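Me: I would like to learn how to read strands, sheets and salt bridges in a model. Can we work through one together?

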Amino acid sequence: MQILGIETSCDETGVALYDSAAGLLAHNLYSQIALHEQYGGVVPELASRDHVQRILPLITKTLADAGTDKQSLSAIAYTAGPGLIGSLLVGTGVGRSLAYALSIPAVAVHHLEAHLLVPMLEDDVPHYPFLALLVSGGHTLLIQVYGVGDYKILGESVDDAAGEAFDKTAKMLGLPYPGGAAVSALADKGRAGRFHFPRPMTNRPGLDFSFSGLKTSVLHTIQKAACDEQTKADIAHAFVDAIVATLLIKCRRAIEQTGLTQLVIAGGVSANKQLRLGLHDLLAQMQGKAFFPRAEFCTDNGAMVAYAGYLRLQAGASAPLNFQAKPRWLITDIA
Ligand code: KG4
Ligand code: ZN
């Protein structure tokens, strides 16, 4: 069975081909970072227009890379939400039209579920049930995963997402959009101990997160300090320390609460090397194991959509052609 995956929920056009017997056959990504960089963030109207231009050539290239053609496809999986509505409509429209023309199913995929399941494409996979930390530009969630589509949210951000905190801190430090990787690289040049930021919501029980206060602390520090390059690096260092420490405290708590010792980390911020290292050590200390997607599948991509679509079909998901794209869509509300 061959499934074409289409991702257009935000600022990356991703297309991939997954084969149920041979695994991932091809995947391509077109990132719009250069387009949005000058505005310091994603401009939704420009994003959707660019998806329109990129999507068909990317599908043609992906099929050619895999040495196959449209006629061999068994299904199309497309990201139906959550995300920017204009961008979602491009993938939704193209995916469903192609499926209709080929008389094959079109599966609506939940973007966060795709992030959550993509670590399963690696050689070493977790077994259900496990914990998942989903840290992206728009979401921070701790989830108990019982099986495909069977999720219990243990904690979530009450305000900014972890990735958003990275991006806003990057902006304050004068780094280009999107700032996660740049803040992380600058933090490497920073010295420990010069600045200290709060670990929000860690001194009270529960598994929810809050990152907007941390962002404000960073802002006040930048305003007070003489911001030479070394100072900026020292601030970045303290910021990454605070965010990683906060995520580690909540993950430890979730492991203790549930007794589950397998933890999947997914979403754009899971590319962060300080976080990967910290979680790897934490799980080793707790006689457990951390599972990460490979670096290129941490951020948005088509492979995760093709694979999630495959698992959904396996689980008997229906594929109605009139499915409404959903800019807001809870992972616990997948039909
Ligand atoms: O999952 P993703 O590609 O898109 C969403 O679904 O939101 O995540 C993008 C987020 C951005 O906030 C970006 O700054 C962050 O992931 N990110 C990182 C790193 N790479 C990407 N944050 C910290 N460290 C990184 N290396
Ligand atoms: Zn994403």
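Reply: Yes. Keep in mind that this is a predicted model. Start with strand 6 (residues 130-135): 6 of its 6 residues are buried, so strand 6 is largely enclosed by the rest of the structure.

Me: Which residues of strand 6 point one way, and which the other way?
Reply: In a regular strand the side chains alternate between the two faces of the sheet. Here Phe 130, Ala 132 and Leu 134 take one side, while Leu 131, Leu 133 and Val 135 take the other; all are buried.

Me: What pairs with strand 6, and in which sense?
Reply: Strands of a sheet pair through backbone hydrogen bonds, either parallel or antiparallel. Strand 7 (residues 140-147) is an antiparallel partner, with 6 bridges. A hairpin of 4 residues connects strand 6 to strand 7, and Leu 131 stands opposite Gln 144. Strand 9 (residues 262-266) pairs with strand 6 in the parallel sense, over 4 bridges. There, Leu 133 has Ile 265 as its bridge partner.

Me: What is the strand order in the open sheet of 5 strands?
Reply: The order is 3-2-1-4-5, and the pairing is mixed. Strand 3 (23-31) and strand 5 (106-110) are the edges, each pairing on one side only. From one strand to the next, the twist averages 20°. Strand 4 (residues 75-81) and strand 5 run parallel, joined by 5 bridges. Thr 79 has Val 109 of strand 5 as its bridge partner.

Me: Which strands do helix 2 and helix 3 meet?
Reply: Helix 2 (residues 44-65) packs on the sheet and touches strand 1 (2-7), strand 2 (12-19) and strand 3. Its direction makes about 25° with that of strand 2. Helix 3 (residues 85-102) lies across strand 1, strand 4 and strand 5, at about 160° to strand 4.

Me: How many salt bridges are there?
Reply: Side chains of opposite charge can pair when their charged atoms come close. The structure holds 14 salt bridges. One of them joins Asp 188 and Lys 273, at 2.2 Å from N to O. Asp 188 sits in helix 6 (residues 180-188) and Lys 273 in helix 9 (residues 273-285), so the pair ties together parts 85 residues apart in sequence.

Me: Is Asp 160 buried or exposed?
Reply: Asp 160 is buried, at 8% relative accessible area. Its salt-bridge partner Lys 168, at 3.4 Å from N to O, is partly exposed at 29%. Salt bridges with shared partners link Asp 160, Glu 164, Lys 168 and Lys 215 into one network.

Methods: Residues numbered from 1 in each chain as written. Chains lettered and ligands numbered in written order. Predicted model: local features only at pLDDT ≥ 70, side-chain atom pairs only at ≥ 80, totals over all residues. Heavy atoms only, no water. Pairing = 2+ DSSP bridges. Helix = DSSP H or I, 4+ residues; strand = E, 2+ residues; numbered from the N terminus. Axes fitted to C-alpha atoms, helices over the stretch in contact; angles between N-to-C directions. Contact = heavy atoms within 4.5 Å. Buried < 20%, exposed > 50% of the residue type's maximum accessible area, 1.4 Å probe, protein only. Salt bridge = Lys/Arg side-chain N within 4 Å of Asp/Glu carboxyl O.
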